[in-house]
Amino acid sequence: IGNCLISLANLIPYLRLLYVTASNPQMREFSDERLRSVIANSPKLLSLTGHNIKGARETQNVQTKRWLNQSKIILRSVYRSPDRVRGIASDMLAIDELQDIYTDSLPVIEEVLFHCEQPEGPISIYAGTPKTLDNPLEFYWSRYSTQNEWMMKCQACNHWQFIEEANIGKFGLICSKCSNKLNPVEDAQWICTGSPDREWNGFR
């Protein structure tokens, strides 16, 4: 998500991007580790934020990242209430740790995209770790997404498989059926396990 936000902010002038997560600690960690540190370690990204320009305004605080092309990334947390995103207009919405956000808050959060000014329409990314089968992430994954899974094909026995604990071998990934060594790049691809016509592209 961090790389998507940084890339789109640099590629599309005047783009408005909103990152939403459940709690303040999660937001601060993402802001520091996924945005600030990436920008700080790249002279090119630093120059694109105006950080190295004498007299430039401060562009790197916890809740706002500005760019010289006038794009802006805003970060908010909405654990108990979506009120912190009310009044924000955005072209892209990235919701992280979706499993920790109340389902009733999502329609309010998604209203930030109502005034999107991009010709192709708004962009939405929803991500998280399911933990259980009773949370918003599992709800949208099972009902509205294509349920794409990264699956590997064993070249020895032609068995297709998800990457699971049974695939962990002593020196790398192995086939859960015949124990042959697997190549998770060359012998794997995204497989749609849901309906390809569903509203969202989902990836696990």
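These questions and answers go through the pocket, one loop residue and the cysteines of a predicted model.

Colleague: How much space lies in the largest pocket?
Modeller: Start with the residues closest to its centre: Tyr126, Leu137, Asn201, Gly202 and Phe203, among 19 that line the pocket. The lining divides into ten nonpolar, five polar and four charged residues. The space in this largest pocket is about 550 Å³.

Colleague: Which element gives the largest share of that lining?
Modeller: Two elements give two or more residues to the lining, β5 (123-126) and α5 (136-144). The largest share is four residues, and they come from α5.

Colleague: Is Val185 buried or exposed?
Modeller: Val185 sits in the loop between β7 (160-162) and β8 (188-192). Its C-alpha atom is 9.7 Å from that of Trp150, 35 residues away along the chain. The relative accessible area of Val185 is 63%. The cut-off for exposed is over 50%, so Val185 is exposed.

Colleague: How many disulfides does the structure hold?
Modeller: A disulfide is a covalent bond between the sulfur atoms of two cysteines. Here the cut-off is a sulfur pair within 2.5 Å. Cys175 has its closest cysteine sulfur in Cys157, at 3.7 Å, so that pair is too far for a bond. The number of disulfides in the structure is zero.

Colleague: What is the closest cysteine sulfur to that of Cys4?
Modeller: Cys4 is partly exposed, at 37% relative accessibility. Its sulfur has a closest cysteine partner 16 Å away, too far for a bond. That closest sulfur belongs to Cys116.

Colleague: Is Cys175 buried or exposed?
Modeller: Buried means under 20% relative accessible area. Cys175 has 1% relative accessibility, so Cys175 counts as buried.

Conventions
Residues are numbered from 1 along each chain as its sequence is written. This is a predicted model: local features need pLDDT of at least 70, side-chain atom pairs count only at pLDDT 80 or more; totals for chains, interfaces and linings use all residues. Side-chain values use heavy atoms; hydrogens and water are left out. On a 1 Å grid over the protein atoms alone, a cavity is a set of points where a 1.4 Å probe fits but cannot get out, and a pocket is an open set with protein on both sides within 12 Å along at least five of seven lines; lining residues have an atom within 4 Å of a point. Grid points are joined across faces, edges and corners, and a volume is the space filled by probe spheres set on the points. Ala, Val, Leu, Ile, Met, Phe, Trp, Tyr, Cys and Pro count as nonpolar, Asp, Glu, Lys and Arg as charged, and the others, Gly among them, as polar. Buried means under 20% relative accessible area, exposed over 50%, partly exposed in between (1.4 Å probe, protein chains only).
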